[in-house]
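Trainee: Could we examine this structure together, one question at a time?

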Amino acid sequence: MTSPNQKSDPIFAPISGPAFTAPELPTYESLMDCIRCGRCLPVCPTYQQTTLETFSPRGRLSLMRAVEDGKLDLADPGVEEHLYHCLDCRACNTVCPAGIPIGELIVEGRAAVEEKHPRAWLIRLILTHALISPRRIEWFAWPARLAQRVKLDKLGVAMFGWVPRFGPALKDLVQMAPTLPKPLWRELAKPARSLQVVAQKNGSSETSQVSQSQYRVGFFLGCVMNVAFGDASRASVKVLKQFGCDVITPQDQMCCGAPQDDQGMKDVARRMAKRNIEAFEKLGQLDAIVADCAACSGFLKEYAHVFHDDPAWAERADRFASKVRDVTEWLDQIMPSDWPASAGATKSITYHEPCHLANVQGVRRQPRALLMRLKNKGVDVRELPDATRCCGSAGIYNMTHPAMSKELLDRKMADVVSTGAEVVVSANPGCLLQLEWGAKRTGSTVKVKHITQVLAEAIEERTAQ
Ligand code: SF4
Ligand code: SF4
């Protein structure tokens with residue numbers, strides 16, 4: 001049987017397939033587009049680490065083609081291993097002269113594998129019950145918060161750190177976990193009155209900003225941002241309000257669906273997407289839907305593609321996706337070029353580019369333009385070598401593939417340290433978490449912050465003057 005997306009010409013027909021029966025890609029035709037030029041190899045982090053063809057974008061496409069040709073069984077554990085060994089960083093997409101959406105094809109391949117081999121029960125549990133909304137993740141985070149407060153996490157490592165296999169994973173998890181701040185969800189998902197209360201708590205100047213808003217912005221709060229980087233999202237909201245945004249978050253907002261999509265659980269990701277489209281539609285007319293998590297903003301923009309073949313949702317998804325802006329994009333658009341008026345406390349900064357901001361969304365200039373505003377006020381902004389190379393976080397990759405993740409992290413930290421910058425900024429919770437872990441692993445004193453945190457600090461300094 002030939003997929004509707006495939007040409008009828010037999011040259012584009014799989015020998016024995018199609019094995020990939022998911023309604024989306026990959027089609028055999030798209031797998032055939034590879035001209036085997038090899039340009040994708042040097043930019044692929046997993047190929048850089050191993051120099052093995054099977055760990056390269058080209059190799060992964062060949063693997064999927066071999067499945068379609070019946071040379072490999074989709075249920076073969078090797079197929080699963082190499083498709084899930086990809087970071088979904090999409091660096092390959094940016095250099096492929098044939099324009100193959102390699103990263104997307106690999107993720108689609110995972111969806112087909114997932115039908116044969118569902119992900120491990122723990123991964124499914126996390127992605128279907130915990131990481132499903134900012135409020136739900138709070139429930140699951142409180143035991144960790146309590147454990148940190150009474151130092152149970154450290155005690156656990158002392159008691160069980162020696163246990164083979166389990167011990168090292170526990171040590172990594174405890175070291176990786178950031179000190180959990182107060183979550184932001186309850187402050188945000190309330191009517192406008194509470195926004196004013198928050199504003200008054202943070203300084204009287206903001207109260208007038210709420211009433212004089214120029215823009216009506218739906219703020220999408222990422223699940224991990226809420227529990228692990230609530231202070232960074234607080235800074236994002238503060239800066240948005242400072243520049244004339246009325247910030248609204250719907251109470252029924254869900255996870256964006258990116259972690260589920262990344263793990264091949266497309267049905268779950270679609271359910272999240274539908275709930276989010278409905279939730280933001282209820283807010284009425286918005287100038288933008290802004291997220292300060294690059295993985296979220298990247299996937300929210302992909303909703304148009306997620307529903308492109310669903311007549312009931314395509315138009316609504318397209319309308320939703322067209323409004324989505326990463327916070328760095330939106331701030332660059334609305335923030336006057338002579339802002340901020342002062343540099344803030346930070347003396348030197350370097351910037352690690354999230355893959356899902358640079359490679360997926362093509363947002364490279366705007367975060368740098370925001371940092372240039374600080375440079376104009378005297379901050380020493382230093383370019384990070386190979387800034388876009390993945391730090392090894394990649395969703396839950398640092399837990400599913402700890403060895404590769406640590407290799408990539410140690411390379412990234414060596415680059416960060418080589419800049420001599422006092423602060424490394426980024427714009428994605430996975431990167432922030434990974435870089436903080438890297439600083440602990442290497443004993444580096446570099447501070448890790450979201451871009452909006454350094455902007456908020458500069459604004460605070462001006463307010464204090
Ligand atoms: S860059 Fe594109 S065409 Fe070239 S080998 Fe890689 S996937 Fe194939
Ligand atoms: S998405 Fe990243 S890790 Fe995966 S094949 Fe492409 S470059 Fe390699």
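The questions and answers below concern helices, strands and a ligand shell.

Mentor: This is a predicted model, in which local features need pLDDT of at least 70, side-chain atom pairs count only at pLDDT 80 or more, and totals for chains, interfaces and linings use all residues. Residues are numbered from 1 along each chain as its sequence is written, and chains are lettered from A and ligands numbered from 1 in the order in which they are written.

Trainee: Are H24 and H25 roughly parallel or roughly perpendicular to each other?

Mentor: Helices (H or I, at least four residues) and strands (E, at least two) are DSSP runs, numbered from the N terminus. Helix H24 (residues 402–419) packs against helix H25 (residues 429–442) at about 80 degrees, with the axes 9 Å apart; axes are lines fitted to C-alpha atoms, for helices over the stretch in contact, and angles run from 0 to 180 degrees between N-to-C directions. Angles under 35 degrees count as roughly parallel, over 145 as roughly antiparallel, 65 to 115 as roughly perpendicular and the rest as oblique. H24 and H25 are therefore roughly perpendicular.

Trainee: Which helix supplies the largest share of the shell around ligand 2?

Mentor: The shell holds 16 residues, and Cys44, Pro57, Cys86, Cys89 and Cys92 are the closest; a residue is near if its C-beta atom, placed from the backbone, lies within 6 Å of the molecule. At least two shell residues come from each of helix H2 (45–50), helix H3 (57–68) and helix H5 (102–116). The largest share, 3 residues, is that of H5.

Trainee: Which strands are the edge strands of the open sheet with the order S6-S5-S7-S8?

Mentor: The 4 strands of this sheet are paired in parallel, where two strands pair if DSSP finds at least two bridges between them. Strand S7 (residues 423–426), for instance, is joined to S8 by 4 bridges, and Val423 stands opposite Lys447 in S8. An edge strand pairs on one side only, as do S6 (380–382) and S8 (447–450).

Trainee: Are Ala288 and Val290 of strand S3 buried or exposed?

Mentor: A residue is buried if 20 or more other C-beta atoms lie within 10 Å of its own, exposed if 12 or fewer, and partly exposed in between, with C-beta atoms placed from the backbone. Both faces of S3 (residues 288–291) are covered, with Ile289 and Ala291 on the side opposite Ala288 and Val290. These four residues are all buried.
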